[in-house]
Amino acid sequence: MPPITSPAPFFIVGCVRSGTTMLRDALRLHDNLGCPEETHFFRWGDPFGTDALNRTLSNNQVLKKHRELDGVTEDEFRELLAKSNSRADLYHRYMRLYLAKNKPSATRWFDKTPQNVYGAMLIATTMPRVKFVHIVRDPRNVAASLRIGKVVKVESIVGSANYWHESVQIIKGLKRAFPERVHELRYEDFVANPLVHIESILSFLGEPFNAATFADLNIRNSDHAEESLLTPEELQRLESICQLGMKRYKYKIEGPTSSSQSTTSQLSE
């Protein structure tokens with residue numbers, strides 16, 4: 001099966017709990033764009049075609065539920081997986097089937113799987129025409145949301161901080177390698193003025209913008225700053241881990257950071 005080649009698809013990436021679903025749902029309103037539930041094809045490190053990756057993709061209960069929502073049966077998915085030679089090939093096959101079943105008028109597919117950020121360089125090099133839309137959110141709100149755990153629950157402040165830190169570090173490398181293929185926006189800026197940022201994204205993608213398409217868009221800002229979900233000590237540790245990324249994305253650092261943690265973070269940059 002030949003891939004869908006024109007126009008090029010794109011991937012929404014970023015740390016979990018950063019507004020990727022909100023952004024996906026907004027862009028889904030565009031007549032030309034179609035996006036399934038999360039796929040996670042580039043998330044895991046096992047090579048494509050190995051039993052380990054096949055078992056993960058086939059047996060993961062969350063992914064099974066996502067395929068059910070996409071209208072793709074398990075028999076259909078097994079056939080797609082068996083015929084594919086790579087993750088990129090699987091994406092083109094899956095998206096062709098998804099669009100045929102759900103939005104046959106769409107001319108372009110995109111993916112929204114935050115954890116695909118771990119395979120961002122592989123996506124960029126094996127799918128050389130794709131673009132990336134990176135949405136970033138204040139890591140303190142990310143950590144608070146992870147502690148609440150409505151979708152993903154992480155109690156450890158080190159774990160939640162590194163969800164954010166690792167994601168922005170990967171994107172930093174991706175931007176250095178492919179600057180013209182990455183568009184970035186902050187969650188806080190998007191919720192403040194969504195239409196401006198949707199127009200900017202569509203311009204980056206080469207898609208037409210019509211404000212009327214998004215007339216029913218309802219964007220709600222979620223801010224956990226007043227909920228005291230993180231202790232002062234936890235906030236200080238998070239800022240120590242994330243400080244250089246926070247500076248890069250212009251998030252104000254409230255407390256002091258230890259010199260040893262600061263040195264470690266600078267070396268990782």
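**Close-up views of a predicted model**

**View 1. The largest pocket and its lining.** Helix α1 gives the most to the lining of the largest pocket, with five residues. Please keep in mind while browsing these views that the model is predicted. The largest pocket itself has a volume of about 670 Å³. A total of 26 residues line this pocket, and those closest to its centre are R17, G19, T21, M22 and V151. Two elements give two or more residues to the lining, namely α1 (20–27) and α7 (139–148). Sorted by class, the lining of the largest pocket holds ten nonpolar, nine polar and seven charged residues.

**View 2. R17, at the largest pocket.** R17 is one of the residues closest to the centre of the largest pocket. Its place in the fold is the loop between β1 (10–13) and α1. Have a look at the backbone here: R17 is not a glycine, yet its phi is positive, at about 65°. Is R17 buried, partly exposed or exposed? With a relative accessible area of 27%, R17 is partly exposed.

**View 3. H40, another residue with a positive phi.** H40 sits in the loop between β2 (33–34) and α2. Although H40 is not a glycine, it has a positive phi of about 70°. The relative accessibility of H40 is 5%, so this histidine counts as buried, the cut-off being under 20%.

**View 4. The largest cavity.** A handy general idea for this view is that rolling a probe the size of a water molecule over the atoms shows where empty space is left. How many cavities of 30 Å³ or more are there in this model? The count comes to two. The largest cavity encloses about 50 Å³ of space. Around the largest cavity you will find E37, E38, T39, F41, L63, H66, R67, D70 and Y94. Helix α3 (residues 61–70) supplies the largest share of this lining, with four residues. By class, the lining of the largest cavity comprises three nonpolar, two polar and four charged residues.

**View 5. The second largest cavity.** About 40 Å³ is the volume of the second largest cavity. Its lining is formed by G14, C15, V16, P114, Q115, V117, Y118, Y163 and S167. Which classes of residue make up the lining of the second largest cavity? Six of the residues are nonpolar and three are polar, with no charged residue among them.

**View 6. Helices α2 and α3 crossing.** The axes of helix α2 (residues 51–59) and α3 cross at roughly 55° and come within 6 Å. The two helices, α2 and α3, are therefore oblique to each other. On the α2 side, the contact is made by T56, L57, S58 and N59, and on the α3 side by Q61, L63, K64 and R67. The residues of this contact divide into two nonpolar, four polar and two charged. Two of the names may be familiar from View 4, since L63 and R67 also line the largest cavity.

**View 7. Helices α8 and α11 side by side.** Helix α8 (residues 157–177) packs with helix α11 (residues 232–248) at an angle of about 10°, and their axes are 9 Å apart. That angle makes α8 roughly parallel to α11. From α8, the residues I157, V158, A161, N162, W164, H165, V168, Q169 and K172 take part in the contact. Their partners in α11 are E234, R237, L238, I241, C242, G245, M246 and R248. Grouped by class, the residues of the contact of α8 with α11 are nine nonpolar, four polar and four charged.

**View 8. L230 and its neighbours.** L230 belongs to the loop between α10 (194–205) and α11. Is L230 buried or exposed? L230 is buried, with a relative accessible area of 12%. Leaving aside residues up to four places away in sequence, L230 touches R140, A143, A144, R147, I157 and L235. L230 and I157 are 73 residues apart along the chain, and their C-alpha atoms are separated by 8.4 Å. I157 also appears in View 7, where this α8 residue takes part in the contact with α11.

**View 9. N85, an exposed loop residue.** N85 is located in the loop between α4 (74–83) and α5 (87–102). At 69% relative accessibility, N85 counts as exposed. For a sense of distance, the C-alpha atoms of N85 and D111 are separated by 19 Å, and the two residues lie 26 residues apart along the chain.

Conventions. Residues numbered from 1 in each chain as written. Predicted model: local features only at pLDDT ≥ 70, side-chain atom pairs only at ≥ 80, totals over all residues. Heavy atoms only, no water. 1 Å grid on protein atoms, 1.4 Å probe; cavity = no way out; pocket = protein on both sides within 12 Å on 5 of 7 lines; lining within 4 Å. Points joined across faces, edges and corners; volume = space filled by probe spheres on them. Nonpolar A, V, L, I, M, F, W, Y, C, P; charged D, E, K, R; others polar. Axes fitted to C-alpha atoms, helices over the stretch in contact; angles between N-to-C directions. Parallel < 35°, antiparallel > 145°, perpendicular 65-115°, else oblique. Contact = heavy atoms within 4.5 Å. Buried < 20%, exposed > 50% of the residue type's maximum accessible area, 1.4 Å probe, protein only.
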